[in-house]
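Me: Please take a close look at how the strands are arranged in sheets here, and carry the description on to whatever packs against or borders them. I would like one connected account rather than a list.

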Amino acid sequence: MRRQNLVRLGAVALLAGSLAACGGGDSDDGDGGGGSGGGGAPWILGTTDSVTALDPAGSYDLGSSTLEYNLYQNLLTVPANSSEIVGDAAESCDYDDPQTLTCTLKSGLKFSNGDDLTSSDVKYSFERSIQIQDPNGAAIYLLGSITSTDKDGLVTLDEGAIETPDDTTVVFHLNKPDTTFQYVLTYPGAAAIVDEDVFPADEKLADEEIIGSGPYKLSQYKAGEQAVLEINDQYTGENVGTSEQVFVKYYSEPSALKLAAENGEVDVAWRSLSPTDIADLQNNDAVTVATGKGSEIRYWTWKVDGPVGKQKAIRQAAAQVIDREAIAQDAYDGTVDPLYSIVPPGYAGQKDAFQEKYGDPDPAKAKQILADAGIKTPVDLTVGWTPTHYGPSTEDEANELKRQLDESGLFNVTLKSTEWEQYQTIYKEGAYDLWILGWFPDYPDTDDYLSPFMVDGGFFQNGYQSDEANKLVDEEQGTDDQATREEAFGKLQDLAAEDVPFIPSWVGQNTGVYGAGMEGVEDTLDPAFIFRFWLVSKSS
Amino acid sequence: MSRSGSGSLPRYILQRVLLVIPMIWVILTLVFVVLRVAPGDPVSAALGGKLNADALEQRRQALGFNRPLIEQYWEYLSAVMRLDFGTTFSDNQPVLHVVRDKGGATLSLTLAAFAIALVVGIPLGLLAGRYRDSVADVLIRFFGILSYAAPIFFIGFLLQVYVAQPLGLPTSGMASPITVFTVEPKTHILLIDVFFSGDGTAITDVLKHLLLPAATLGLLICGVFIRLVRVNILQTMQSDYVEAAEARGISPSKVTRKHAFRNALVPVITVVGLQFALLLGGAVLTESTFNWPGLGNELVKYINDRDYGAVQGIITIFAVAVVLISLLVDIVNALVDPRVRY
Amino acid sequence: MRGVLKLIAKPFTDTVGLARWMLVIGVVLTAVFVVCAIFAPWLAPYGFAQSSVDGARFPKVGAPSGTHWFGTDRLFFDVFSRVVWGARTAILVVVLSILFCVVIGVPLGLVSGYFGGWPDRILVLVMDAIFAFPSFLLAIVFSFLLTGIIGGSVIAVALSLTAIYIPQYFRVVRNTTVSAKEATYVEAARAIGATDGVVMRRYLFGNVVQSVPVLATLNAADAILTLAGLGFLGLGIQSTDAAEWGHDLNRALADAGSGVWWTGLYPGLAIVLLVTGLTLVGEGLNETLNPTLRRRRLLPVVLPARTTTSEEVR
């Protein structure tokens, strides 16, 4: 049925327009559908990200959320280039106390099929995500403040955790003081609002059947190939798109995406081009390389309870030697920025703690640190990295790190690599003294860069144990006073620089490459990594 | 090849058909064992970089990956027998849909490559065989060897950079997004659907996308054909009946055309079936180079994701296809050449 | 010794004109790579993972020059050195995998064919199934398993290749055994009381092992391509463990789009040349050893002067 609508929509006219547009641009207003959007030409986004599921209950990854941000509404959202969260489906969400969050919905919200969006849909969305327990869904991992987990791993929604006193009010009763919960509400994998009359309560809906209330609606989806989004006539919010249609084309190889961007087969290439490709495209007049602040980080983790890593002086000495500028330049052609704290710049309470403590890379100082601790040099280090999971450039970074540590004369590095699956098993077992990992935040809060790494050895179980760190994390999570939180964040970062359970390496930029006639791409490239289709348009 | 039994054709065919099931079973079991013995599981592949060990273990437990292997194996075999492959873990697609859609793409690519290889390879092979040791023979043989020796991804990339860009040919995918969007999926094989749609622009678009990948893969197979046809021609030319024909005073060119060519091509047809396996292997690399949304490309991705259901589904399809084709080849062989049935 | 020399020289002496030239070219190409493989440490100016000399860093993606004949790559490595060391990896992997195939496949085929019965039938079934399946896909599956368990090492990849080639050795050896065990001399040996072990070792082994070298040559070219394909998909050997052409080519694809041709061209050429060489040798052997292809010589050249010719060979 959907398809027939499309054919009626004047597909032939669109086809002609789009094909011509690939070649150079043509005027095409024959889009027959009386959408609320403007007359922007359809444009094509190319990406190497893959989509796990378009049903929010089954997704916890960037490829899925890229579409979901445009297809669904959350209660709250992150505006472009801002860390201040604002209402999306909700007018506002406010903490009555650190354990109670009350949200008021905007009035007149509708799903793209015409159904009303009410507080009952909101409650249903949370209930079903938790009920489904999809291992790929974020609900069971991020909603700890309204759920409990039994010993078999079964996650259940706490009794009375979500209340809906009326059609436009939702009240969350948290089981512990948690001011990060409001940030979780911006993440579609955990909190996108779905239509209770369409989505089944106990299983995921097929991707091509999903219905949301976002600025766009899905009109075609072929997994791993392409998605077609059309403007949602029912959308009443502020983020109205200008292009009637947006195509998303999926690539498996960055080199193929780069060629497609060069040849104009895609209008925007976003995530993930190789550093070489980006450097090359910067010299290409036909396309523009736009960058915004990023939030994806890489860091090197010490096995703190291992035979080498247990010596703090060794950990500190390595932190003293590492030249992050050189890593960014030599391994990534300057397409990433050096990172001097596990929290990237731009987040509240961020400070370059490693920079403050260690200053410029200095082998002499490092030698002194080791000498003071009475450690014989060179120290033998086994350094681990993994070839595919974090992209091919990880190889370049591992080699650069080895060179830096070896050239200091203080270390004798052996590089070891294995595929991701085996990697994560054996780094926990202590196969490496120092190994690389990456992180991508789920929600835009400083806490998401500290509590997963500093509490009880972090999620990577490196054996780091600090009562002070645990205390500081409890402190910042239990208050909504911004000043108190930022102070705790600062102390945590200083603690990390002193104890060096890990060494931050770099933070990625949010890079998009676009062709002629595209506007607004720069506006959406921010640390939240939300590609806001409504901000982007193609002139016809 | 040495199979006992009397020489009756139906009996031979029956034997071969009965062998199909255990052969597929062997492949399925092998893949099951390899996947489960290999480190990792779908949960840690997807979320190992985010969750701690306890949370991962809870998910594994909840999904049943901790149950005894033999139990999971039995479950899997019975699911295969019911043709129920479930849904992929890593991208939420019914496995049968994946096989249908991506299989269609792989089929279009391999068939087009095959066609190119036949059109180029067979005449060249005939030529080389007919004029053995001539300059043409040497050049053709070198071409055949080179096309086989050059890695697909190397040739593919050279074509993308040095041929596609100057000629304005597309370098990735099966069609431009708008074509995929508008063509109605009747058979789920785009190459066929687009002809049903009768839309000239769309047809050109699809064919343009097909050209380079098919040529790349076709080149690989082409080398094999050249070699095969040439060798068969040489063998036939030296066989007794050709000599006899020559002795009877039939002109050499007529002998070649009427007798040698025809007889040389019969074994080629049967060997062609065996090339199917090579073609599927080559398709993986071609698909990955040209971003072709085919099964091979998907298989690599799903193995990386440890997506057990998807991998097993795809492998099953491959196994069935390969075994059925070899069955077909054997039967055709038996029909053509009674000596095969010992 | 003279017999061996004669055997080796046979393909050359038996061929004429262009066919001989193709064989010679093949042998020379293969020999060049074998020499590179054996003498890599002396032939290559630098180590395969060496990025500086006497503390001075090599240039990054430096164009070919006097100091770096084939330029340098993204990892600051010398491309020429990696191409030379890559020959060692390629040949090591191929030799190892063939060795494994022979060590496992030949006894298995011998025993299976000799004793027969249901174990034989099952083995035949399993091997046929593996053989029928697209070998590259199988290699992918196996290398996932093996590189996962033992890491992306030479051994892991060699074992993956072994897994896909073993059925061929098994089948050939088994089928030869089945027909040879009926031969009179084997019957006779058994009649005088030779045990099964002795029969297999003494009488059958020498007979069946003759087909192995031809098979090995044919597989070698394919193995090189499979190795490169795995490397290209990122499943093979990592750059710090050894130099591998497929892996280097994969990394070089990004360069090629930006006008850096030297990081991809040379490893690519190396693959093409070595595979061409091996294929030429294989085809040449096939053409001379396969009686249905041999050119019939009308003149009975060798008959009258048999003794003298063998003298002349010396």
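Reply: Two strands are taken to pair if DSSP finds at least two bridges between them, and the elements themselves are DSSP runs numbered from the N terminus, with helices (H or I) of at least four residues and strands (E) of at least two. This is a predicted model, in which local features need pLDDT (the predictor's confidence in each residue, from 0 to 100) of at least 70 and side-chain atom pairs count only at pLDDT 80 or more, while totals for chains, interfaces and linings use all residues. Residues are numbered from 1 along each chain as its sequence is written, and chains are lettered from A and ligands numbered from 1 in the order in which they are written.

In chain A, 6 strands form an open sheet with mixed pairing, in the order β16-β20-β15-β19-β17-β18. Its edges are β16 (336-338) and β18 (411-417) of chain A, and because each has a single partner strand, one side of each is left without a neighbour in the sheet. From one strand to the next the twist averages 25 degrees, where axes are lines fitted to C-alpha atoms, for helices over the stretch in contact, and angles run from 0 to 180 degrees between N-to-C directions. Within this sheet, β17 (residues 379-385) and β19 (residues 434-439) of chain A are paired in the parallel sense over 2 bridges, and Val383(A) has Leu434(A) of β19(A) as its bridge partner. Helix α11 (residues 324-332) of chain A lies across β16 and β20 (502-508) of chain A, and its direction makes about 165 degrees with β16(A).

Strand β19 of chain A also leads to the border with chain B, since it is one of the elements that give two or more residues to the side of chain A that touches chain B; α2 (11-23) and α15 (420-429) of chain A are among the others. Across that border 49 residues of chain A are in contact with 45 residues of chain B, contact meaning that the C-beta atoms, placed from the backbone, lie within 7 Å. The largest share of this side of chain A, 7 residues, comes from α2(A).

For the partner chain, the mean pLDDT of chain B is 83, and 92% of its residues reach 70 or more. Over residues 1-6 of chain B, however, the pLDDT is below 50, although this stretch has 9 contacts in the model beyond near neighbours in sequence. Where pLDDT is low, the predicted coordinates should not be read in detail.

Methods. Contact = placed C-beta atoms within 7 Å.
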